Amino acid sequence: MVSPVTVVKCEGPKLVPFFKATCVYFVLWLPTSSPSWFSALIKCLPIFCLWVFLLAHGITFLGAHSSARKILAGLIFSSLGDAFLIWQEQGYFVHGLLMFAISHVLYSSAFGMKPLDLRAGLSVGVLSGLSYALLYSYLSGPFTYLVAVYIALIGFMGWRALAGVQLYDDLWTWTKLSACLGAMLFMVSDLTIAVNKFCFPVPHSRAIIMATYYAAQMLIALSAVERQDEDNPKKTA
């Protein structure tokens with residue numbers, strides 16, 4: 001297993017553009033009441049930098065490792081979702097929801113179905129059910145079903161990420177832990193969005209949503225780096 005110090009030395013410089021772009025977003029803090037292509041660019045820029053982060057590992061790396069390609073595709077759909085949500089008050093919220101739902105499917109596929117870990121699945125399932133129960137009375141029309149499907153998809157993604165971290169069997173790597181933390185932060189971010197939009201105003205909601213979202217995407221992107229051992233088991237046998 002690669003040590004965290006080695007990871008920081010190798011991957012840290014490639015993430016500098018992401019951190020700079022994130023700082024730009026929070027420094028400019030463009031008002032959401034006036035959506036524009038410029039505000040969409042500023043919001044999506046950190047995710048674009050994560051595209052570059054994965055592409056910096058080379059086309060050969062992406063070609064050899066399907067999980068990395070799926071995570072890159074998930075980041076691309078996430079960028080589309082971010083852009084749609086800039087205009088959510090103009091009727092594009094469902095479009096953004098769809099883009100992120102596709103991202104969660106891609107991330108779930110990247111994390112894989114082994115080990116299964118039904119206990120982790122049950123835990124995430126209970127949390128997802130409680131989240132939907134909190135939101136249910138505030139939902140109406142198609143959102144009653146759309147939100148249920150979305151929670152199921154992000155919950156499934158969280159399960160697959162959590163299942164990869166088996167500390168008691170020492171069957172884990174820093175990248176699996178990164179995926180797990182990223183998935184959990186993504187769930188926190190999206191739950192905050194849902195509560196703020198459908199239930200009641202959450203204090204400092206935008207800061208909470210974007211900080212957890214950018215951290216989640218960075219951690220998920222990082223999780224792609226060491227997955228060659230999982231994609232190519234024959235080479236390590």
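**Exercise 1. Classify F38 by its accessibility and place it in the structure.**

*Solution.* At a relative accessibility of 48%, F38 counts as partly exposed, because that class lies between buried (under 20% relative accessible area) and exposed (over 50%), computed with a 1.4 Å probe and protein chains only. The structure is a predicted model, in which local features need pLDDT of at least 70 and side-chain atom pairs count only at pLDDT 80 or more, while totals for chains, interfaces and linings use all residues. Residues are numbered from 1 along each chain as its sequence is written, and side-chain values use heavy atoms, leaving out hydrogens and water. Next, F38 is located in helix α2; helices are DSSP runs of H or I with at least four residues, strands are runs of E with at least two, and both are numbered from the N terminus.

**Exercise 2. Which residues form a nonpolar patch on the surface together with F38, and which helices each supply at least two residues of the patch?**

*Solution.* First, the criterion: patch residues have over 30% relative accessible area and no salt bridge, with nonpolar side chains (Val, Leu, Ile, Met, Phe, Trp, Tyr) joined within 5 Å and like charges within 9 Å. A salt bridge is a side-chain nitrogen of Lys or Arg within 4 Å of a carboxyl oxygen of Asp or Glu. Second, the members are V24, L28, F38 and L41, with about 340 Å² of accessible area together; areas come from the Shrake-Rupley method with a 1.4 Å probe, and for residues only the protein chains shown count as cover. Third, α1 (4–28) and α2 (37–55) each supply at least two of these residues.

**Exercise 3. How many disulfides does a search of the whole structure find, and is C44 buried or exposed?**

*Solution.* A disulfide is a covalent bond between the sulfur atoms of two cysteines. The cut-off is a pair of cysteine sulfur atoms within 2.5 Å. The search finds 0 disulfides. For C44, the nearest cysteine sulfur is that of C49, 11 Å away. C44 is buried, with a relative accessible area of 4%; C180 also counts as buried, at 9%.

**Exercise 4. Locate W29, H204 and P115, and describe their backbone geometry.**

*Solution.* Most residues other than glycine have a negative phi, and most peptide bonds are trans.

- W29, in the loop between α1 and α2, has a positive phi of about 45° and is partly exposed at 33%.
- H204, in the loop between α8 (174–199) and α9 (205–222), has a positive phi of about 55° and is exposed at 67%.
- P115 lies in the loop between α5 (93–111) and α6 (118–136); the peptide bond from K114 to P115 is cis, with omega near -5°.
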